[in-house]
Each structure stands twice: as C-alpha cells, then as structure tokens.
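This briefing covers selected strands, salt bridges, surface charge and backbone angles. Please read it with the sequence and structure in view.

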Amino acid sequence: MKYITLFLVIIYSTTGLTAQSLEKIDSLRQLPLNAEKVDAFFSATIDFLIAGRPEADALVLEGLEMARELDDPVYLGQYHVILSIAAFNEGRFRDSDSLLGVAGAQSLLAGDSVNYNYVQVQRISSLIYAGLYGTAMQRGINLIPELESQRDTGSLMELRMRLTEGAILSNDFERALTYVESAFAHVATYPHYGPYYLNNLRMLRGVIMARTGREAAALDLYAAALVHKDGASDVQNDYTTYLRRAELYLERDDLGAVRRDLDSARVLGDLTHDYWLIDAAWLQKNGRFGEARGVLHRALAMLRDEGVNNGDAESSIYRLLQYDDLSGPQYDTAAHYGKLMVAALDSTIRQTNAATVLDLETQYETREKDRRIATQDTALTAQRRTQNLTYGILGLAALALVGLFFGLRKNRRKNALLAVQNDRNELLLKEIHHRVKNNLETVSSLLELQSASLTDEHAVSAMRAGQSRVRSMGLLHQKLYQGENLAAIEMKDYFTNLAESLEETYEPDDDILITVAMEPLEMDVDTAVPLGLIVNELLTNALKYAFVGAGAGAVTVGLSRVNTNEYRLTVRDDGVGKDFAAGPQGTGFGSRLVELLTRQIGGALTEVNDGGLRTELRFAA
C-alpha cells in the first residue's frame, strides 16, 4: 500500500466495520512511531472513510500528525488529498487547490509520479469550479505534453474530460468540442479504458450538441451514453445523462419523455437540486403549480445546503416561482420572487467578475515574483563584474542576454494576459446577451399571461403584437450568444426561427406556409435589429389579413445583396392583396413602426399587388 493513489482507494470495497476495527486503531496507537505504524493507520482510516463513519475526520487529522512526525512524504501527500476532497465537497474550491498543491509537492518528494499526475488533474477541477477558467485551462494545456511523455493514459483521459467541462461551463462550445473530440481519439487508441470513458465522453458531447442547437445529434449521443457493454456501468454518469436529456425534452415540450428520464434518474441514488428544478418545470407545464411550488422550495434549500454559490440555478428557481405565482392572484409574491431572481443574476455576474479579478491577480503575482528574481540576478551579475574586471566583457554580454530573455518573456506574458482578458470580455458579453434574452422571455411570458385574462379582442391583438416584437428581439440576442461572431447575425437562420415563433403566436386557422428563400447572409447588429422588427411586422400582417377566407396560402421572405452598395429585402404573399385606397387595418401602429424603422436604416419601401402583396425594401450596404 506504499504508493497507493486515492483513485485506487475509492474503488476498494469493505464488508463493514466492527468493534475489532476500533480495537485495531487503539492497538496501533500504543505502538512506537515508525513507517509500518503509519501505513497500517492509513489503511484503517481509509476503511472508516469508505464506511462513512463519524470517527473518520478525527482519524484523518491524527494520521496526518503521525505522518508529519515521521516526515513521510507519501502519506503526507495522501492525507492532504483527502482533506482537499472534503474542501471541494464543501464548496471551498480554492482551499481544495491549495491542499492539492501540498499533496503534489509531497508526491514529488516521494518519487510517486502516478499520484502526482492525479493531483495535478484534480487541481484543474478545483480551479474550474472556483471560476478561474483561464488559469485552469492554461495549466491543463501545459500539463498535456508532460502526461503524454510519461504515457499516463488514465490521467490524460481525466484531464481532457476536465478541460471539456471547463470549456462548457465558460460557454466556449467550440473549444469544448475540440477537447472532447481529442479525448475520443485518445480512448480509441487505448480501448482498455472502455465503457466508462466512452459513455462519459458521449454525455459531454451530447451537452455540447444540445447547447449549440443540434438537438437530434444530442439525443443520439445521450442514448449511446446509456448503453452499457460487458455489464460496465457508471451510476453518476447515467444520472447526469438522464437529467441533461430531460432538459432537452423539456425544451421540446415532450413531457412524457421528460417524466421517463426523471423517473430513471430517481432510482440511481441521491437527488440533486437540478433534478428538482427540472421536475418543477415539468409540473408547471402540466398545470400542477401547487406541487411545483413545494418542489422549487426543496431545490432552493438543497442548493444552499450544497454550499456552492450557483447564481444561475438560484435565478432559475426564482424565475419559476415568479411564473408560478403569476398564474394565480398572488401578484405581490410574484414581484418579490422577481426581485430575488434579479438579485441572483447580479450575484452571478459579480461572482464571475470576482473570479476574473482573482485569476488576473494570480497571474500578476507570478509575474511580480519573476520580476524580483530577474532583478536579483541582475544585481548579482553586476556585483561579480565589479569584483572581477577580467570577465567584464563577458559579464556585459551575459547581462544583455538576460535582459533580452526577460524582455521577451515579459512580452509573451503580456500577450498571454491580453488574450485571457479578451476571452473573458467575450464570455461576459455573451453572458449579457444571455441575460437580456432571458429577461425578454420573462416580459413575453408576462404579456401572454396578461392577454389570457383579457376579453376585448383589440386589447388581445395588441398584446400579441407586443409579444411577437419582444420575441423578435429576444431571438436576436439568443443568436448572438449562441453564435461565434458577437457583432453579426446570420439572417437566414434568424428569419426562419422568427417565422416559426410567429406561427406559434398567432396559430392561423388557414394552411399557411412561410418560406425563407435566401442564401446564408450575415449582418451587423445595428442593421439586424430594425430589419428583424420590420420582417416581424410584415409577416404578422400577412398572417392576419392576407388570407382572409382563402383557406390556404404561402408567404416568401428573401434578402439578397443587389450590388456592392445595396441590399434588397422582399416579403411576398399570394393572398388577397392590399386595398391602398382604404386606411390601415387595425390600429395602424405596425405600419408606422415599419416607416420609422425604414428611415432608421436609410431605406426605401415599396408595396405592389402582384398576385398578392409584394413588399420590397432597399437599403444601403
């Protein structure tokens, strides 16, 4: 047991502890301190930890003192690993990283490279959950060549999965996909790592597919992650896979599939707050608001008991509680939950900013330490040159080389810091778009709930029009944070999703087909926002007025570049056409909004009856 790692310890089994186990501990205490005693005491402590006995914590501290007295680096490292796991489980991620640093140093002293590699990978996890994504990713990338040179395949697989998780948590799905694909290639080279790693990687790749809109691929990967060969099964991975797939089914309103996956997850072990959050959303979609309220309060209590400051989960709970109370007469309570939701969102942003500051402070401290070392080296060089004039020329040359070296090193660090800051700013900007989209969804839900209580048809129509405009802007912000380019929108995909949203809002009685006939085309945000609102108004008018009494019809949307200086937007239907002699139908607000937005982008709008109404907007490129 001399060089056993904790990774191996946790797969040991025990038949239970008896009075003889406590007697063994007492007898070991009577023995003189030596390596055999420390080894036996550690083995007994592990048995108590696996059994979950309350005496285990005290035994860990006692064994740590023995290892210190004997100055045994092997068990000093192992005990610090155990303490780091306890800190991690309590949400003290930076403490966990510090304890793992001590464990790694002791492993080096003991010459235990296997345990040292394991410790370095676990430090990446601690930094990721502490929010220090930049430092964690850089450490992980620097660790890969070292593990590859040692052919430590187990640690390499663990590291690539941790890097994938870190990229997902920071919403960098392109980088996450790169890491998970390299992990797949690696596990194919070492098939003896088999089902555990394959299913874990399939689940992670499924999350990436789901978050980037590739739902069919995500469902296939989740299904594959739940297939176990040779009887091998990872309960934790199965539990997480069921929950992630239930989330996806919930977005698709496949409530039966959501329930099946929740029931499958329930039998696998202890339930976490995210299980209850999905369960509450399912209950609300089934109209069971009273039950959902109790489940949400249970999720909130569990989240706080876990000791992790998860602002995203907390804000989601308050948002569902707010929606729950808006469904009934408790508007004051709904407003209270709304304020708590905003506070939780602010807490998440502050936590992200604080983690960014800590990450930069860590890099700054490292740079300052290197600078002081460089200064001391320069002083020593100057002193030696003064004492020995014979080597003056050589000393000057050495000083010049040292200066050049540290100058280049400083520039590299400065460039690395700027890259980290740029990545962080991009992450924060995506997060802002995400928050704006969520807030616009809340406004849209409020308008929908309000319209449900109205009886006046004109008021209901106005509410629906406002809801469609809010959804149009919310959809645009969703495209921004999901896309790669934060300054531009791919208009074909945006128009397609906008048309689907309008069909859901108005639910026309006639069989109306909306087609987006155009090539993929990107536009800057300043132009895409007014253009999206204009298309929203034109499609809304077509759905409401173009096919009255027709029974069926088609609407076509197109956007193309006429030349290097001009774009052309066309919205055409084969309906009854427009009576230009008559005034605008409805309130006329939509027509005035289109005119204002057309002037905003410097365009010219024309409408003609040509087998229906054809509206054409030309504007400068």
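Buried means under 20% relative accessible area, exposed means over 50%, and partly exposed lies in between (1.4 Å probe, protein chains only). By that scale Asp26 is partly exposed, with a relative accessible area of 39%. The model is predicted, so local features need pLDDT of at least 70 and side-chain atom pairs count only at pLDDT 80 or more, while totals for chains, interfaces and linings use all residues. Residues are numbered from 1 along each chain as its sequence is written, and side-chain values use heavy atoms, with hydrogens and water left out.

**Salt bridges within helices**

- The structure holds 25 salt bridges; a salt bridge is a side-chain nitrogen of Lys or Arg within 4 Å of a carboxyl oxygen of Asp or Glu.
- Side chains of opposite charge can pair when their charged atoms come close.
- One of the salt bridges links Asp26 to Arg29, at 2.9 Å from N to O.
- Both Asp26 and Arg29 belong to helix α2 (residues 19–30), where they are 3 residues apart, about one turn of the helix.
- Helices (H or I, at least four residues) and strands (E, at least two) are DSSP runs, numbered from the N terminus.
- Arg29 is partly exposed, at 36% relative accessibility.
- Arg259 and Asp263 also meet through their side chains in a salt bridge, at 3.3 Å from N to O.
- Helix α14 (residues 255–266) contains both Arg259 and Asp263, 4 residues apart, about one turn of the helix.
- Arg259 is buried, with a relative accessible area of 18%, whereas Asp263 is partly exposed at 40%.

**Strand β5 and its partners**

- In a regular strand the side chains alternate between the two faces of the sheet.
- Strand β5 (residues 566–573) shows this alternation: Tyr567, Leu569, Val571 and Asp573 point to one face and are buried.
- Glu566, Arg568, Thr570 and Arg572 point to the other face of β5 and are not buried.
- Strand β4 (residues 552–563) pairs with β5 in the antiparallel sense over 8 bridges; two strands pair if DSSP finds at least two bridges between them.
- A hairpin through 2 residues joins β4 to β5.
- β5 also pairs in the antiparallel sense with strand β7 (residues 613–620), over 7 bridges.
- Val571 in β5 stands opposite Val557 and opposite Thr615 in β7.

**A salt-bridge network**

- Glu616 and Arg614 form a salt bridge, with their closest N and O atoms 3.4 Å apart.
- Shared salt-bridge partners join Glu566, Arg572, Asp610, Arg614, Glu616 and Arg618 into one network.
- Glu616 is buried at 15% relative accessibility, while Arg614 is partly exposed at 23%.

**Negative patch on the surface**

- Glu500, Glu503, Glu504 and Glu507 gather in a patch of negative charge on the surface.
- Patches are made of residues with over 30% relative accessible area and no salt bridge; like charges are joined within 9 Å, and nonpolar side chains (Val, Leu, Ile, Met, Phe, Trp, Tyr) within 5 Å.
- Glu500 lies in helix α21 (residues 491–506) and is partly exposed, with a relative accessible area of 42%.

**Positive phi angles**

- Asn171 is not a glycine, yet has a positive phi of about 60°.
- Asn171 sits in the loop between α9 (153–169) and α10 (173–189), and is partly exposed at 22% relative accessible area.
- Asp253, likewise a residue other than glycine, has a positive phi near 60°.
- The loop between α13 (235–251) and α14 holds Asp253.

Technical notes
Accessible areas come from the Shrake-Rupley method with a 1.4 Å probe; for residues, only the protein chains shown count as cover. Lys and Arg count as positive and Asp and Glu as negative; His and the chain ends are not counted. The place of a charge is taken as NZ of Lys, CZ of Arg, CG of Asp or CD of Glu.
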